[in-house]
Structure formats: C-alpha cells, structure tokens
Amino acid sequence: MYPMLVLLGLTALLGASQGYPDCYGSVSRINTPGASCKTARAERLSYCEVRASEKIAERDLEAMNQYKTLIKKVGEKLCIEPALIAGIISRESHAGKVLKNGWGDNGNGFGLMQVDRNSHTPRGQWNSEAHLTQGTTILIEMINRIQKKFPTWTKDQQLKGGISAYNAGDKNVRSYDRMDIGTTNDDYSNDVVARAQYYKKHGF
C-alpha cells in the first residue's frame, strides 16, 4: 500500500507541475478548425486554419515564455489550463507585443488578456499576476454562464462556449457549431483553442 501512496502522490505532483488542472474541461479534447482566413490575412499569412493558429502562436512563443511561470501559477490556482490562458493572451495581445503602455483596442482593453475597462475595473499592472487572475476569473465566469445555459453540453463543449463568450458575451453563444459567429473575425474560440493546443505542447 505504501508504494501505491507514493505513486499517487508523485502523479499528483507531476500533474500540478505540468499544468494539468482540468476543472473546466481540456483544450486537448476539443476539435477545432483553427483560425479563419480573415484572422490569418491580418497576420500576413497565405494559409488559414490550425496551421495558421500554430504559426501565430509560434511567433508569440518567445514573448509568452517570459510569463510562463506566472501563467502556470494562475492556471493552477484557479484550476484552469495554463495553455488556455496563453492561447487567449496570444489572441488578445500577442503576449503584450502590440500593447502601448499596457493598453490595446483603442485604449479600451487592458493588459495581456485585454480586460475591457468599459465592463470591468482593471486590476494590477498590465502583465501582473493580479491582471492574469482577473482575466482568468472573467473567463471562468463566462464558462459558468455557458454551463447554466447549456447544461447538456459536455464539459469540453461548455469550455469552448466560455472561450467564445470571453470575446462576445454569453448571449452571443446560441449553438455549439455557430458559437463563433459574432465574435471577432467569427473564429475566436476556434483560433484560441488551436493556439492553446500549441502552447500545451510547449510546456504550458
């Protein structure tokens, strides 16, 4: 029995260190077509879909790695995949590369996760743990709303719906297949999931 307890403890430790919290589902189990051609063109890519999402995420990887420890800390604290937080950060701010003094979206979006100051009072510095905690808490609130709105969906489907709602609100999510219609470039959750899957393969 003692060796089994050691094994279980080791498994739990490895899971925590690898960023495997799974309270809200997993991006690994979500099928996605990836970025729309509109998003890809904006990034000066001649191709679309998952390949485009992965290329954009790759371009952001060096900058993202600066925040890896912080992202994993917040993910594990709030029991959500760090890779998903990274996927949102890539989509929202290219890991901070496109921000001016921490602001984007014409001065309306704050920080790495682009918290909308018209809907929320931004907390902390733009690249701080407090900011990532606020942005991730907003994401979790959206996932919870989708869980209540679509109780028969699987946990992973509800997760994807919450990602879409992070961009366009839970009222925009009316069906699983068309949840991204009305989000920026009509591909928000599909693109974020594909980027998150990339970051999960790269240690997030």
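**A tour around Q114**

Begin by selecting Q114 together with G109, where a polar atom of the Q114 side chain lies 3.1 Å from the backbone oxygen of G109. Bear in mind throughout that this is a predicted model.

Keep Q114 selected and display the backbone around it: the residue sits in the loop between β2 (109–110) and β3 (115–116), and although Q114 is not a glycine, its phi is positive, at about 50°. Is Q114 buried or exposed? With a relative accessible area of 11%, Q114 falls under the 20% cut-off and therefore counts as buried.

Next, show the residues that Q114 touches, leaving aside those up to four places away in sequence: they are E92, L99, G102, W103, G104, D105, G109 and H131. G109, the residue whose backbone oxygen opened this tour, is thus one of the residues on display.

Now move to E49, which lies in helix α3 (residues 49–65). Here too the backbone deserves a look, since E49 has a positive phi of about 65° and is not a glycine.

Finally, clear the selection and colour the whole chain by secondary structure, which shows eight helices and three strands, arranged from the N terminus on as α-α-α-α-α-β-β-β-α-α-α. Of the 204 residues in the protein, 50% count as buried, and the protein exposes about 10300 Å², of which carbon and sulfur atoms supply 51%. If you turn on contacts between residues at least 6 apart in sequence, 58% of them join residues at least 24 apart.

Conventions: Residues are numbered from 1 along each chain as its sequence is written. This is a predicted model: local features need pLDDT of at least 70, side-chain atom pairs count only at pLDDT 80 or more; totals for chains, interfaces and linings use all residues. Side-chain values use heavy atoms; hydrogens and water are left out. Helices (H or I, at least four residues) and strands (E, at least two) are DSSP runs, numbered from the N terminus. Buried means under 20% relative accessible area, exposed over 50%, partly exposed in between (1.4 Å probe, protein chains only). Contact means heavy atoms within 4.5 Å. Accessible areas come from the Shrake-Rupley method with a 1.4 Å probe; for residues, only the protein chains shown count as cover. A polar contact is a pair of N or O atoms within 3.5 Å; within protein, one must be able to donate a hydrogen and the other to accept it, and residues adjacent in sequence count only if both atoms are side-chain atoms.
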